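Please look over the sequence and the model that follow. The text after them goes through selected places in turn and ends with the chain as a whole.

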Amino acid sequence: MRRTEAARELGGFVREHRTDGGRRLRLAGILLVTGVVGLAFGVPVTIASIGTTDGAPQLAGLLLGVGLAGLGLGIWRLTQALRTREQCFDVHERGLTHRVAGTATLIPWADIERIGSASAGDGRPLAEARGMGFGYAIELRDGRKIRVDTFTEDPRELAGTIHRAVSLGEFPRGRGRRP
């Protein structure tokens, strides 16, 4: 569905919030490479440390742990990147358009139950770069949830807009002609 068709049903266009799928893919790649390197060094060190009690078993455990964690997180981010490729949230006067991989779902404000509890942000170093900063779920009345995280452009503004429209009845004002 093109944006102009959605605009007719949901009123004037206000703004869009794109999700940075490229950044998500780069992070997946970094995690996968870290996992492969950790396992590439961890497996030989583990084999070499069989029968010893010096520091080799601890090093082997560390390398295997980094490798397995990197692979697991990399696969998770890769799956997430592929599942939400080209994701974008278009805000309109009477609702949202959630676009993913060429398909668009119209979500009128009345179909949104609420914004789920938001994570205030992870205070650890590089949390935003890892996508572990601010995040929340848009909870729909039919039970579905749409996750929004730091890979989405200005997620706090999107959350505020949804909250004001759904909970306070303060709808955003679009630009252009009204249908």
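Start with Glu93, which sits in the loop between β2 (88-92) and β3 (95-100). The model is a predicted one. Is Glu93 buried or exposed? Its relative accessibility is 9%, so Glu93 counts as buried, since the cut-off for buried is under 20% relative accessible area. The side chain of Glu93 comes to 3.0 Å from the backbone nitrogen of Gly12.

A second acidic residue in a loop is Asp149, found between β7 (145-148) and α4 (155-167). Asp149 has a relative accessibility of 11% and therefore counts as buried. The side chain of Asp149 makes a polar contact of 2.8 Å with the side chain of Arg24.

The loop between β7 and α4 also holds Asp154. Asp154 has a relative accessibility of 38%, so this residue counts as partly exposed. What is the sign of phi in Asp154? It is positive, near 50°, although Asp154 is a residue other than glycine. As background, most residues other than glycine have a negative phi. Glu86 is not a glycine either, and its phi is positive at about 55°. Glu86 belongs to the loop between α3 and β2. With a relative accessibility of 58%, Glu86 counts as exposed, because exposed means over 50%.

Next, find Arg18 in strand β1, which covers residues 13-18. Arg18 is partly exposed, and its relative accessible area is 43%. Which residues does Arg18 contact, apart from its neighbours within four places in sequence? They are Gln87, Cys88, Arg99, Phe151, Thr152 and Glu153. Take Thr152 from that list. Arg18 and Thr152 are 134 residues apart in sequence, yet their C-alpha atoms are 5.6 Å apart in space. Arg18 also has a side-chain partner in Glu16, through a polar contact of 3.0 Å.

Now turn to the helical parts of the chain. An unreviewed UniProt entry places the feature "transmembrane region" at residues 25-50 and 56-76. In the model, residues 25-50 are 92% helix and 0% strand, and the C-alpha atoms at the two ends of this span lie 37 Å apart. Residues 56-76 are 100% helix and 0% strand, with the end C-alpha atoms 30 Å apart.

Helix α3 covers residues 56-83, and Leu82 lies in it. Leu82 is partly exposed, with a relative accessible area of 47%. Which residues form a nonpolar patch on the surface with Leu82? They are Leu25 and Leu78, and the patch has about 240 Å² of accessible area together.

Finally, consider the chain as a whole. How many helices and strands does the protein chain have? There are four helices and seven strands. Read from the N terminus, the elements follow the order α-β-α-α-β-β-β-β-β-β-α. The protein chain has 179 residues, and 37% of them are buried. About 10,100 Å² of the protein chain is exposed, and carbon and sulfur atoms supply 60% of that area. Among the contacts with a separation of 6 or more, 60% are between residues 24 or more positions apart. The pair of Arg18 and Thr152, 134 residues apart in sequence, shows a separation of this kind.

Methods. Residues numbered from 1 in each chain as written. Predicted model: local features only at pLDDT ≥ 70, side-chain atom pairs only at ≥ 80, totals over all residues. Heavy atoms only, no water. Patch = residues over 30% accessible without salt bridge, like charges linked within 9 Å, V, L, I, M, F, W, Y side chains within 5 Å. Areas by Shrake-Rupley, 256 points an atom, 1.4 Å probe, with all protein chains shown as cover. Salt bridge = Lys/Arg side-chain N within 4 Å of Asp/Glu carboxyl O. Buried < 20%, exposed > 50% of the residue type's maximum accessible area, 1.4 Å probe, protein only. UniProt positions renumbered as here; feature names shortened; annotations may be inferred. Polar contact = N/O pair within 3.5 Å; in protein donor to acceptor, adjacent residues only side chain to side chain. Contact = heavy atoms within 4.5 Å.
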